[in-house]
Amino acid sequence: MKFKYCPKCGKELIEKYSWDEGGVPYCPVDDIMYFDTPKPCVVVAVLKDNNILLLKQSYIFKNSKVLVSGYVTNGETVEETVYREVKEETGITIGDIKYLGSEYLSSKELIMLTFMANYVEGEINKSDEVEWVDWRELENAIYEMEEDEIGKNVVRKVLSEVGYTEDKAYVYDNNKG
Ligand SMILES: [Zn+2]
């Protein structure tokens with residue numbers, strides 16, 4: 001997001017030169033440069049045996065299931081975000097968190113850091129923010145995530161990580177192409 005006014009004091013920002021970045025909006029009162037940075041968020045594929053944890057959250061996608069996701073908040077590491085979001089949204093405790101790469105969503109200026117993690121313990125106990133959450137067979141997940149392109153990419157990476165070699169998980173992809 002490009003800032004015009006200082007979010008701290010409300011003063012109109014001026015341009016300040018910053019090496020490679022060129023002119024950057026700057027508040028001389030608070031001495032802060034407001035770089036045009038995306039908002040970091042996490043997307044997590046939680047695995048238990050051959051199953052993956054899918055959620056229904058209509059405010060994200062009306063007709064698709066999605067993976068656990070959430071914003072990185074100030075004061076925590078990204079790994080802590082992954083652990084916290086899974087716990088808050090589903091009640092599940094996870095371990096073996098593995099980074100799978102990032103995706104940029106320009107419409108929302110999000111940098112989505114994607115992960116896989118293993119179930120450790122806990123019963124599903126969803127938050128009010130989630131309409132439905134349950135385990136689904138990993139090889140059927142893509143069929144239920146139609147609108148969620150980034151989520152489907154994460155599942156494809158997970159299939160590769162777990163060494164999945166069958167065709168079934170990709171039938172939907174193949175029929176589309
Ligand atoms: Zn200011």
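This report walks through a predicted model of one protein chain, from its overall make-up to a small sheet, a core and a helix.

## Overall make-up

The chain has 177 residues, and 27% of them are buried. Its C-alpha atoms fill a box of roughly 60 × 40 × 30 Å, taken along the principal axes.

Three helices and nine strands make up the secondary structure. Read from the N terminus, the order is β-β-β-β-β-β-α-β-β-β-α-α. Take the contacts between residues at least 6 apart in sequence: 59% of them join residues at least 24 apart.

## The three-stranded sheet

One open sheet holds three strands, in the order β1-β2-β3. Their pairing is antiparallel. The edges belong to β1 (14–18) and β3 (32–33). Each of these two has a single partner strand, so one side of each is left without a neighbour in the sheet.

## Two hairpins

The pairing of β1 with β2 (residues 22–27) is antiparallel and runs over five bridges. Ser18 has Gly22 of β2 as its bridge partner. Lys16 is bridged to Val24, also in β2. The two strands form a hairpin with three residues between them. In that turn, Trp19 has a positive phi of about 40°.

The pairing of β2 with β3 is antiparallel too, over two bridges. Here Tyr26 stands opposite Met33 of β3. These strands also form a hairpin, with four residues between them. Asp31, in the turn, has a positive phi of about 55°.

## The nonpolar core

The largest nonpolar core counts 34 residues. Which of them touch the most other members? They are Val44, Ala45, Val46, Ile52, Val86 and Val155. Several elements feed this core: β4, β5, α1 (78–90), β8 and α2 each supply at least two residues.

Val86 shows how such contacts reach across the sequence. Neighbours within four places in sequence are left aside here. Beyond them, Val86 is in contact with Val44, Val46, Val68, Ile92, Ile94 and Ala117.

## Helix α2

Helix α2 covers residues 149–161, which is 13 residues. From its first C-alpha to its last, α2 reaches 18 Å. That is close to the 18 Å expected at 1.5 Å a residue.

Which side of α2 is buried, and which is exposed? The buried residues are Gly151, Lys152, Val154, Val155, Val158 and Leu159. They lie on the same side of α2 because they cover an arc of only 155° around the axis. A general rule of helices fits this pattern: an α-helix has 3.6 residues a turn, so residues three or four places apart point the same way. On the other side of α2, Glu149 and Ser160 are exposed.

The buried residues of α2 pack against four strands. These are β4 (39–48), β5 (51–56), β7 (93–105) and β8 (110–121). Val155 is one of the buried residues of α2, and Val155 is also among the core residues that touch the most other members. Just after the helix, Gly163 takes a positive phi of about 75°.

Terms used
Residues numbered from 1 in each chain as written. Predicted model: local features only at pLDDT ≥ 70, side-chain atom pairs only at ≥ 80, totals over all residues. Expected span 1.5 Å × (residues − 1). Buried ≥ 20, exposed ≤ 12 C-beta atoms within 10 Å, placed from the backbone. Arc of directions from axis to C-beta. Contact = placed C-beta atoms within 7 Å. Pairing = 2+ DSSP bridges. Core = buried A, V, L, I, M, F, W, Y, C linked by C-beta atoms within 7 Å.
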